[in-house]
Amino acid sequence: MVNGDPQMKQDFYIEKGEAVEIIISVLAISFAFTIVFTGGLGTLFSLPKEFLVFMALSLVTIGSGFVLHEMGHKLVAIYFGAYARFQMWVQGLLFMLATSLLGVLFAAPGAVYIYSQHISRRQNGLISLAGPVVNLMVMLVFLGLSLIAPRHIYFSFDTSFLAPLFANGVFEVWRFGAYLNFVLCMFNMIPAFPLDGSKVFAWSKAAWFAFMLSMFVFGVGTGVISVFFAISWLVMLGLMSILSMLLFRQRR
Ligand SMILES: [Zn+2]
């Protein structure tokens, strides 16, 4: 199956085992998000209906953002003649579920692995950029939906910590989806290995800065960027840089 010849264009494919791993990962990431956002696993037993409704919303917003992001990498990698497959990371998935019980999200259930002998730094940068670009596209769809058909849902569990994200403190599903995809995009663009941003940065610092600057302007314009978000991103940048140096020093 390994094909490193860039001249040989292949069609997009998803293997059966891979599809199963994608489905498990999407369900797990949506479940972890639901645990955190509904205030804990206890909500599943105290307010099962609301928990399941939020789980469905998570699948539509964060689940779709996650799977389409990964498929963005895969599509461009296949375009460049590589063999690309989504691989679930069981330890990461279990770690994600464990930290979600503590109210912390560490969304790393798996990623697309790329096998090719002919991938250049530029191609690797473009493959990496494809994921965050897909999140930007998904975000635009959600922003469009929030304008055309806003969908407000009221929950009895405490959503006050979500309030700063939404206009007038009202939970609007599509705006929530847009925000989550913005977070996915910006987090993955942090230039610390093995995040996507590090490969874009290694290919072209100008491309990285141009993309980040346009996302910043776009984020401010659409109101998804807040001071809280900017500070969180800078904290994550620091943490990921330190982690990256400690764990992947030999790769730099
Ligand atoms: Zn990615």
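The residues that hold the zinc ion follow the spacing H-x3-H-x122-D in sequence. His73 lies in helix H3 (residues 48-79) and Asp196 in helix H7, so the pair ties together parts that are 123 residues apart in sequence. Helices here are DSSP runs of H or I with at least four residues, numbered from the N terminus.

Before I continue, a word on the source: this is a predicted model, in which local features need pLDDT of at least 70 and side-chain atom pairs count only at pLDDT 80 or more, while totals for chains, interfaces and linings use all residues. Residues are numbered from 1 along each chain as its sequence is written, and side-chain values use heavy atoms, with hydrogens and water left out.

Which atoms serve as protein donors of the zinc ion? They are NE2 of His69, NE2 of His73 and two OD atoms of Asp196, at 2.0 to 2.7 Å from the ion. Donors are N, O and S atoms within 2.8 Å of the metal (3.2 Å for Na, K and Ca), and sites may look incomplete because water is not among the atoms. The arrangement is irregular, because the 4 donor atoms subtend angles of 52 to 149° around the zinc ion. Four donors would count as tetrahedral with all angles between 85 and 135 degrees; four count as square planar and six as octahedral if opposite donors are over 155 degrees apart and all others between 65 and 115, and anything else is irregular.

Let us turn to H7 itself. Helix H5 (residues 121-148) packs against H7 (residues 196-203) at about 140°, with axes 8 Å apart. Axes are lines fitted to C-alpha atoms, for helices over the stretch in contact, and angles run from 0 to 180 degrees between N-to-C directions. H5 and H7 are therefore oblique to each other; angles under 35 degrees count as roughly parallel, over 145 as roughly antiparallel, 65 to 115 as roughly perpendicular and the rest as oblique. Asp196, one of the zinc donors, is among the H7 residues in this contact, as are Lys199 and Trp203, and they meet H5 residues including Arg121 and Leu129. Contact means heavy atoms within 4.5 Å.

On helix H8 (residues 205-222), the axis comes within 5 Å of that of H7, and the two cross at roughly 130°. That makes H7 oblique to H8. Gly197, Val200, Phe201 and Trp203 of H7 meet Lys205, Ala207, Trp208 and Phe209 of H8.

Finally, the loop between helix H6 (173-188) and H7 contains Pro194. A cis peptide bond joins Phe193 to Pro194, with omega about 5°. H6 in turn packs against helix H9 (residues 227-247) at about 35°, with axes 11 Å apart.
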